[in-house]
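Thank you for making time for this. Please have the structure open in front of you, and we will go through how some of its helices pack and then turn to the space enclosed inside.

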Amino acid sequence: MSAPADPAAAATTFPSPAISLPVGLDILRTYSGALVCLEILFGGLVWILVASSNVPVPLLQGWVMFVSVSMFVFSTVYLIVFLLGLADRINTDWNFLDLVYHFVALLFYFGAFVLEAAATAANGRSFTYTNVSVCVSFSSGNIVTFMDGRQYSINVAATIFAFVVTLCYGCSMFMGFKRWRMYR
């Protein structure tokens, strides 16, 4: 006859974390790892470009700065967790966490992309004065901005890179969804 199982011993054991991504440097050899690196790289570019334009529309571009800086930091921490192998030590469903993180980041970056595009598009008409090029928009909407040609060009580049980062987060979310469905 066997002895009954000790209930205290069962409470101290944990299931292994649900993770389908490799840890260590092997994460960089996957599409997901490459996309996270692109998210960090292009998100940093959005951050730098918006900051270098002197934020001519602070109400709209404040959100863009918040999203680009916070997602840059969170994606860097996310990549470091996998690079250092901490994902194996933290007991959580990493596939679900990956899906939720990239979904929230996609929503935030889509909003940031739309707001950056709106701030840039508000300068649709430009007027050239003697020795100075000034972009001024007098639209029927609520946004009136004053940007010189340099600021306008920087904001166009920031809009393009914000769109690229939004696509990267969308692809990461789609791949995370496929992993979550496969391993749940």
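Before I read out any pairs, let me say that contact here means heavy atoms within 4.5 Å. Please also keep in mind that what you are looking at is a predicted model.

With that meaning of contact, we can begin with α2 and α3, where Val36, Cys37, Glu39, Ile40, Gly43, Gly44, Val46, Trp47, Val50 and Ala51 in α2 meet a set of α3 residues that includes Gln61, Met65, Phe72, Tyr78 and Leu79. Sorted by class, the residues of this contact are 13 nonpolar, six polar and one charged.

In general, a pair of packed helices is described by two values, the angle between the axes and the distance between them. For α2 and α3, the angle is about 150° and the axes lie 9 Å apart. Since angles over 145 degrees count as roughly antiparallel, α2 and α3 are therefore roughly antiparallel to each other. As for the handedness, α2 passes α3 in a left-handed crossing.

Let us move on to α3 and α4, which pack at an angle of about 155° with their axes 9 Å apart, and which are therefore roughly antiparallel to each other. The contact of α3 with α4 is made up of 18 nonpolar, five polar and two charged residues, and the crossing of this pair is left-handed.

How, then, do α2 and α4 run, parallel or antiparallel? Their axes come within 13 Å and cross at roughly 30°, and because angles under 35 degrees count as roughly parallel, α2 and α4 are roughly parallel to each other. Here Val36, Glu39, Gly43, Val46 and Val50 in α2 meet His102, Tyr109 and Glu116 in α4, and these residues divide into four nonpolar, two polar and two charged.

Finally, we come to the enclosed space. The structure holds one cavity of 30 Å³ or more, and the largest cavity contains about 70 Å³ of space. Which helices each supply at least two residues of its lining? They are α2 (31-52), α3 (58-83), α4 (94-121) and α5 (149-183). Among the lining residues you can find Val36, Tyr78, Leu79 and His102; of these, Val36, Tyr78 and Leu79 also appear in the contact of α2 with α3, while Val36 and His102 take part in the contact of α2 with α4. By class, the lining has six nonpolar, four polar and two charged residues, with Asp98 and Arg179 among the residues that line the cavity.

Key. Residues are numbered from 1 along each chain as its sequence is written. This is a predicted model: local features need pLDDT of at least 70, side-chain atom pairs count only at pLDDT 80 or more; totals for chains, interfaces and linings use all residues. Side-chain values use heavy atoms; hydrogens and water are left out. On a 1 Å grid over the protein atoms alone, a cavity is a set of points where a 1.4 Å probe fits but cannot get out, and a pocket is an open set with protein on both sides within 12 Å along at least five of seven lines; lining residues have an atom within 4 Å of a point. Grid points are joined across faces, edges and corners, and a volume is the space filled by probe spheres set on the points. Helices (H or I, at least four residues) and strands (E, at least two) are DSSP runs, numbered from the N terminus. Ala, Val, Leu, Ile, Met, Phe, Trp, Tyr, Cys and Pro count as nonpolar, Asp, Glu, Lys and Arg as charged, and the others, Gly among them, as polar. Axes are lines fitted to C-alpha atoms, for helices over the stretch in contact, and angles run from 0 to 180 degrees between N-to-C directions. Angles under 35 degrees count as roughly parallel, over 145 as roughly antiparallel, 65 to 115 as roughly perpendicular and the rest as oblique. A crossing is left-handed if the near helix is turned anticlockwise from the far one by less than a right angle, and right-handed if clockwise.
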